[in-house]
Amino acid sequence: MASLTRKNWDSAYAKLKSALKSADPAQAADLDALEKIRLRFLGRKGSLTELLKNLKDLPLKERRELGPQAQARRGALEEKIAARKAQLETQADAAALSESSLDLTLPAFMPARGRLHPLTQTISEMAKILSLMGFSWAEGPLVESEYYNFEALNIPAHHPARDLQDTFYLEDPPLVMRTHTSAVQIRAMESSRPPLRIICPGRVFRNEEVDATHSAVFHQVEGLAVDKNITFADLKGTLDLFLKRLFGPDTRTRFIPSYFPFTEPSAQVDVGCLFCSGSGCSVCKQSGWIEMLGAGVVNPNVFKFVNYDPEAWSGFAFGIGVERVAMLRLGIKDIRDFYENDMRFLSQFDESLI
Ligand code: DAH
């Protein structure tokens, strides 16, 4: 079109207008159809592009008149194409998402986090406190001989203390499910020479009627310290500090006389009620005190069983129930909740609470 005339231009422009009417970008069915429209008018060889290119052949006056018109048309067409393109792309995304089950816009699922059982957490806390006081962790078997569970702890056959402990017996050879972690005291002393400071956390078994505060399987932490010149005062100081670290710095303790065959003297250790601070409530049965543990100075008879010289060495021991501590610290009313493995219960006890 080297010699473009105004007439030629007008007719080409009229054709373009009518072609544009029949090729409205807003009606393009898909991105391919839209691209065809773009190429047809705006591509390098597109009819509008050609028209604009050929403008230069017209006299200046006509260029001034026609140029802006054609440019405006190009601008409008470009805008329409861009708008339709955005619309078709959004539709295509939506269609792709509805076809696949993968919706990348959904928030991610948090992986279920495991956590330690509240009893395990409580044992860890007690062990942590006691390890800072120099005690190391010891373990023993759950099935014990009568020797370790009773005899070496100064509880001979037919001693009434055996009856107190509702023992589960396994016959032939006579074995027992250990009724207390005190059995590990004997094993620990047998396998090392004094001085010695150990704790033994673990499971114990008693043929008990199960109710809100009793279970046939429960847990204890046993402690034993043997050294030169250990006295009842060491026991008092150690347990007072231990209980303050466990229940809070304002915790009060009291030691009242008690009896255990393996300690002499023996004490029951109470803490001032954690709920009413001593004024009396249903938890402490209006007494202001809660019974916490048994303890005492190691009976010299026990030393004889493990060949420790009772003249040279002395010691103290204590045994504390884990469930009781966990119930008091976590406000749990029924011991059975610990064993039912109901995740709604267990998942409340985040490690950070302990
Ligand atoms: N073994 C005792 C019980 O199960 C608890 C206990 C009391 C342990 C006094 C001790 C102790 O070491 O000295 O009831």
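**Close-up views of a predicted model**

**View 1. The turn of the S7–S8 hairpin.** Phe-260 has Thr-263 in S8 as its bridge partner. The model shown here and in the other views is predicted. Strands S7 and S8 form a hairpin, and two residues lie between them. The two strands pair in the antiparallel sense, and seven bridges connect S7 with S8, which spans residues 263-272. Another of the paired positions is Arg-254, whose bridge partner in S8 is Asp-270.

**View 2. Strand S8 and its second neighbour.** S8 also pairs with S9, again in the antiparallel sense, over eight bridges. Within this pairing, Ala-267 stands opposite Ala-295 of S9. Is S8 enclosed or open to the outside? Seven of its ten residues are buried, so the strand is largely enclosed by the rest of the structure. S8 also contains Pro-265. The peptide bond that leads from Glu-264 to Pro-265 is cis, and its omega is near -5 degrees. Most peptide bonds are trans.

**View 3. The seven-stranded sheet.** S7, S8 and S9 belong to an open sheet of seven strands, arranged in the order S1-S5-S6-S10-S9-S8-S7. The pairing in this sheet is mixed. Strand S1 (136-137) and strand S7 (253-260) are the edge strands; each has a single partner strand, so one side of each is left without a neighbour in the sheet. Helix H9, residues 232-247, lies across four of the strands: S7, S8, S9 (289-298) and S10 (314-321). Relative to S9, H9 runs at about 145 degrees.

**View 4. The loop between S8 and S9.** Two residues with positive phi are shown, Lys-285 and Gln-286. Lys-285 is placed in the loop between S8 and S9, and Gln-286 is in the loop between S8 and S9 as well. The phi of Lys-285 is about 50 degrees, although the residue is not a glycine. For Gln-286, also not a glycine, phi is about 65 degrees. Most residues other than glycine have a negative phi. Are these side-by-side positions in the sequence buried or exposed? Lys-285 has a relative accessibility of 73% and counts as exposed, because the cut-off is over 50%. Gln-286 is exposed too, with a relative accessible area of 56%.

**View 5. Cysteines without a disulfide.** How many disulfides does the structure hold? The number is zero. Cys-276 is in no disulfide, and its nearest cysteine sulfur, that of Cys-273, is 3.6 Å away. A disulfide here requires sulfur atoms within 2.5 Å, so the 3.6 Å separation does not qualify. Cys-276 is buried, with a relative accessible area of 14%. Cys-200 also counts as buried, at 1% relative accessibility. Both values meet the criterion for burial, because that criterion is a relative accessible area under 20%.

**View 6. The cis bond before strand S5.** Pro-194 and Pro-195 are joined by a cis peptide bond with an omega of about 0 degrees. Pro-195 lies in the loop between helix H8 (183-191) and strand S5 (196-205).

**View 7. Helix H4 and its kink.** H4 covers residues 60-99, a total of 40 residues. From its first C-alpha to its last it reaches 57 Å, close to the 58 Å expected at 1.5 Å a residue. Where is the helix kinked? A kink of about 30 degrees lies at Leu-66, shortly before the proline Pro-68. Leu-66 is also one of the buried residues of H4, which include Glu-62, Gly-67 and Ala-70. Further along, Leu-77, Ile-81, Arg-84 and Leu-88 are buried. The elements that cover the buried residues of H4 include helix H1 (6-22), helix H2 (31-42) and helix H3 (47-54).

**View 8. The three-stranded sheet.** A second view of strand pairing shows an open sheet of three strands in the order S2-S4-S3, with antiparallel pairing. Strand S2 (143-145) and strand S3 (169-170) stand at the edges; each has a single partner strand, so one side of each is left without a neighbour in the sheet. S2 and strand S4, residues 175-177, run antiparallel and are joined by three bridges. Ser-145 stands opposite Leu-175 in S4.

Terms used:
Residues are numbered from 1 along each chain as its sequence is written. This is a predicted model: local features need pLDDT of at least 70, side-chain atom pairs count only at pLDDT 80 or more; totals for chains, interfaces and linings use all residues. Side-chain values use heavy atoms; hydrogens and water are left out. Two strands pair if DSSP finds at least two bridges between them. Contact means heavy atoms within 4.5 Å. Axes are lines fitted to C-alpha atoms, for helices over the stretch in contact, and angles run from 0 to 180 degrees between N-to-C directions. Buried means under 20% relative accessible area, exposed over 50%, partly exposed in between (1.4 Å probe, protein chains only). The expected span of a helix is 1.5 Å times one less than its number of residues. The bend at a residue is the angle between axes fitted to the seven residues ending there and the seven starting there.
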